[in-house]
Amino acid sequence: MSYYDLDSILTDAEKIPCTFQLDLPELGYLDNNPGHTLKSGTKVALPLWLAEMLAIANMGDLGDPDKSFVTFDLPPAVGNDVIQALKADPRAVPLRDQSPHFYNLATHMMDLADEQELGSVLRKTFVTRAAEIALHARKAGGAASKGGSSEEGSNLGIGGAGEDFLRGLDVWERTLFRKAHDGAKAGKEWMEDVKKR
């Protein structure tokens, strides 16, 4: 990811649950207790970029040099309930409701935490949902060419469960859908152009 990638910046701003491992004076405002000490064991939701820095840094002179300032749990967006639902049927889970940047967040969490199961579930989810996205993109491409504008064709003509599925796509999946839709549309236009010759 690039330093200027907006999706990466927005992913780094996602809050994840953290537990502080030592008392920190004057940081009580993180726990809605301004002017007080943030006690060891306090659970606070911190932005991913800050949680990562605090988890990687060790305490050094402040305590055990092998211990970090915070430990973190997986955020609810990639928690056990979501993983179990993705195992059951990846198409039924609206990833955008979990996090608009679900795949970015999940891969970032895989880098930070030793979660083998998360990787295999994400792989299965991606393959299953990519096939479904391609199917919807072809259907939307057909709807766009029947008199509607390309904007209307991108979501109309699918109906019912298809619209719900498209509404649940995260940012990366929406980009994939747009590219597949544009490709199907361009291919159809090319075929029509060849037939006219």
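**Note on the predicted model: helix α9, cores and confidence**

1. In this predicted model, helix α9 (residues 171–196) has 26 residues and should span 38 Å at 1.5 Å a residue, and its end C-alpha atoms, 38 Å apart, agree with that; the expected span is 1.5 Å times one less than the number of residues. Helices (H or I, at least four residues) and strands (E, at least two) are DSSP runs, numbered from the N terminus.

2. Within α9, Glu173, Phe177 and His181 are buried, that is, under 20% relative accessible area (exposed being over 50% and partly exposed in between, with a 1.4 Å probe and protein chains only). An α-helix has 3.6 residues a turn, so residues three or four places apart point the same way.

3. The largest nonpolar core (buried Ala, Val, Leu, Ile, Met, Phe, Trp, Tyr and Cys residues joined through side-chain atoms within 4.5 Å) holds 29 residues, of which Ile16, Cys18, Phe20, Leu86, Phe102 and Met109 touch the most other members. Its largest share, five residues, comes from α5.

4. Beyond four places in sequence, the contacts of Ile16 (heavy atoms within 4.5 Å) include Val44, Leu46, Phe72 and Met109. Another core, of six residues, lies apart from the largest one and has Ile133, Phe165, Leu166 and Phe177 among its members.

5. The mean pLDDT (the predictor's confidence in each residue, from 0 to 100) of the protein chain is 82, with 83% of its residues at 70 or more. Over residues 143–157 the pLDDT is below 50, although this stretch has 19 contacts in the model beyond near neighbours in sequence.

6. Residues are numbered from 1 along each chain as its sequence is written, and side-chain values use heavy atoms, leaving out hydrogens and water. Local features need pLDDT of at least 70 and side-chain atom pairs count only at pLDDT 80 or more, whereas totals for chains, interfaces and linings use all residues.
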